[in-house]
Amino acid sequence: MLLHKFIKQPYPFLFTPLRNLVVAFLLGVFIYLLNLISIDETLVAKSFVFSKQVVCIFAGLSTFIGTLLITEISTRLFLSTKIKEAWTVGKEFVTIIILLLTIAFFNNIIAFIISKKTADYNFLQQFINAIIYVIGIGSIPTAIIIWFNYTILLKQNLKEV
């Protein structure tokens, strides 16, 4: 019951073009840097046709493109003004899940394309691995963005009061 009430709570629709571009850029840079720090260069050389830095650039670009696709393009094409005005915590949560799945899908496609072993590539297994990786990594910037949104909204509301 409590969860049902929480996901039905109103939440502001904060997807503006400038904000979407900034968030997509920052997420792309974050993913690039995180992969650059954490991925083993030997594993990259063994698995992919490109260097570690190029693979990390691809990961950052796929995150940037996936984020823009969901936050900017999809919201413009598929969400009416009425839906945006009735935005809830649950709708925000579903949008974030769709975003993370889209990033995982794009990362998996790119990994398949640049893989040295495309004939042996198990797309489903790699997609599941990508989902786990993206959700694990994506929870950090998601929490930061939600906190940032909360802080901005709190300041705006306090200023209005």
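**Buried residues and nonpolar cores in an all-helical model**

With a relative accessibility of 3%, Thr63 counts as buried, because a residue is called buried when this value is under 20%. The model in which Thr63 is examined here is a predicted one. Thr63 belongs to helix α4, which covers residues 52–78. A polar atom of the Thr63 side chain lies 2.9 Å from the backbone oxygen of Ala59. When residues up to four places away in sequence are set aside, Thr63 touches Leu27, Gly28, Ile31 and Ile103.

The setting of these residues is a protein whose secondary structure consists of seven helices and zero strands, so that, read from the N terminus, the order of elements is α-α-α-α-α-α-α. The C-alpha trace spans about 60 × 30 × 30 Å along its principal axes. Of the 161 residues in the protein, 35% are buried. Among the contacts between residues at least 6 apart in sequence, 78% join residues that are at least 24 apart. The protein exposes about 10600 Å², and carbon and sulfur atoms supply 74% of this area. As for charge, there are 13 positive and 7 negative side chains, and the centres of the two sets lie 5 Å apart.

The largest nonpolar core is made up of 10 residues, namely Ile70, Ile96, Leu99, Leu100, Ile103, Ala104, Phe127, Ala130, Ile131 and Val134. Two elements give two or more residues to this core, helix α6 (89–114) and helix α7 (123–160), and the largest share, five residues, comes from α6. Ile103, a member of this core, is also one of the residues touched by Thr63. Another member, Ala130, is in contact with Ala104 and Asn108 once its neighbours within four places in sequence are left aside. Apart from the largest core lies another, of six residues, which include Phe48, Val55, Ala111 and Tyr121.

Ala111 offers a view of this second core, among whose members it is listed. Ala111 is found in helix α6, and it counts as buried because its relative accessibility is 17%, a value that falls under the 20% limit. Leaving aside neighbours within four places in sequence, Ala111 is in contact with Phe48 and Tyr121, both of which are named in the six-residue core as well. Phe127, by contrast, is listed in the largest core; the C-alpha atoms of Ala111 and Phe127 are 9.9 Å apart in space, while the two residues are 16 residues apart in sequence.

A buried residue may also be found outside the helices, as Phe15 shows, for Phe15 is located in the loop between α1 (2–8) and α2 (17–38) and counts as buried at 14% relative accessibility. Beyond its neighbours within four places in sequence, Phe15 is in contact with Asn20, Thr71, Thr75, Trp87, Glu92 and Thr95. Leu34, in turn, stands 19 residues from Phe15 along the chain, and the C-alpha atoms of these two residues are separated by 25 Å.

Technical notes. Residues are numbered from 1 along each chain as its sequence is written. This is a predicted model: local features need pLDDT of at least 70, side-chain atom pairs count only at pLDDT 80 or more; totals for chains, interfaces and linings use all residues. Side-chain values use heavy atoms; hydrogens and water are left out. Helices (H or I, at least four residues) and strands (E, at least two) are DSSP runs, numbered from the N terminus. Buried means under 20% relative accessible area, exposed over 50%, partly exposed in between (1.4 Å probe, protein chains only). Contact means heavy atoms within 4.5 Å. Accessible areas come from the Shrake-Rupley method with a 1.4 Å probe; for residues, only the protein chains shown count as cover. Lys and Arg count as positive and Asp and Glu as negative; His and the chain ends are not counted. The place of a charge is taken as NZ of Lys, CZ of Arg, CG of Asp or CD of Glu. A nonpolar core is a set of buried Ala, Val, Leu, Ile, Met, Phe, Trp, Tyr and Cys residues joined through side-chain atoms within 4.5 Å. A polar contact is a pair of N or O atoms within 3.5 Å; within protein, one must be able to donate a hydrogen and the other to accept it, and residues adjacent in sequence count only if both atoms are side-chain atoms.
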